[in-house]
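Subject: Structure for your review

Dear colleague,

Please find below the structure that I am handing over to you. I should be grateful if you would read the findings beneath alongside it.

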Amino acid sequence: KQYEFILTSRPAEGVALITLNRPKALNALSTPLFTELNDAVKRFDEDDSVRALVLTGSDRAFAAGADIKEMKDKQFSEVFKGKFLESWGLLTTIRKPIIAAVSGYALGGGCELALMCDIILASPSAKFGQPEINIGVIPGGGGSQRLAHAIGKSRAMEIVLTGRNFTAQEASDWGMVSRVVPDEEGGVVKAAVDMAAVIASKSAIAVQAGKEVVNAAFEHTLAEGLRYERRLFHGMFATKDQKEGMSAFAEKRQPKWSHS
Ligand code: HXC
């Protein structure tokens, strides 16, 4: 499907790549852009031939935030009644894993968008931040909550209250990104696509369950999370892929997943 503000492609078996493509505004996340992003994400989530997604921007900007020019004259009643930004959450409701490949600016809503993904890989050029304080507001796309979970209270406070950017290396040291991919390795998008291809080569039903249980760690108490994990683990014994995976191991052969 053709979009105006994003590009989509299928770079590897089982992998869909979404590229934010609004270069003149450093991929500022306007409502039309987000509508297209949600549409693409939903389509790929429903497409059985896709088992992992990658989301990226350009070398210069993953996304420089929500579109400030679109927001600046909005009134409270309008944003409240219109549930402004609520649709951004769609990305967090999909079943399939999504990897953010971040180069350049990932600021404000851009940082929040990366934090909504399941895994973040960064190029050395990545610049993260929640600069909303510099324009008289606060994060509104989950930044305060997901950032605090990802990097801890003191750092999240510093980032949200000073509005300073932080580097790829800091994000990595703080555990917010899995890895800074050195340029010599062929770039962060390639690394993310390769990782997505590995995930896509596994049983899709096990991958989906794995994503669900890790997310439970951020939503439940430890006791509830452990119970949830165990129940879902028990549930895996109702799948064909559990039988296939364990039989293949015992028979010293590669498994052939039916994703069911
Ligand atoms: C609208 C934006 C934009 C944004 C950049 N542009 N960021 N337009 N919304 N968030 C536009 C610029 O206006 C400019 O358009 C063009 O992109 C290129 O940007 P420049 O500023 O000229 O580039 P540069 O000097 O290299 O500076 C890059 C930058 C700066 C440091 C990233 O653009 C910047 O500070 N952007 C805003 C970052 C920010 O505050 N983000 C948080 C937004 S609030 P023209 O037409 O002049 O060429 C937010 C709320 C989240 O995200 C809460 C809800 C989710």
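The notes that follow concern the ligand site and two helix contacts.

This is a predicted model, in which local features need pLDDT of at least 70 and side-chain atom pairs count only at pLDDT 80 or more, while totals for chains, interfaces and linings use all residues. Residues are numbered from 1 along each chain as its sequence is written, and side-chain values use heavy atoms, leaving out hydrogens and water.

Around the ligand there are 23 residues, of which R60, A64, A66, K69 and G109 come nearest (a residue counts if one of its heavy atoms lies within 4 Å). An oxygen atom of the ligand lies 2.7 Å from a polar side-chain atom of R60. Polar backbone atoms also approach the ligand: that of A64 is 2.9 Å from a nitrogen atom, and that of A66 is 2.8 Å from an oxygen atom.

Helix α4 (residues 109-116) packs against helix α5 (residues 143-151) at an angle of about 55°, the axes being 10 Å apart; helices are DSSP runs of H or I with at least four residues, and axes are lines fitted to C-alpha atoms over the stretch in contact, with angles from 0 to 180 degrees between N-to-C directions. In this contact (heavy atoms within 4.5 Å), E112, L115 and M116 of α4 meet G143, R146, L147 and A150 of α5.

The axes of α5 and helix α6 (residues 153-162) come within 7 Å and cross at roughly 140°. L147, A148 and I151 of α5 make this contact with K153, R155, A156, I159 and V160 of α6.

Yours sincerely

Key:
Helix = DSSP H or I, 4+ residues; strand = E, 2+ residues; numbered from the N terminus. Polar contact = N/O pair within 3.5 Å; in protein donor to acceptor, adjacent residues only side chain to side chain.
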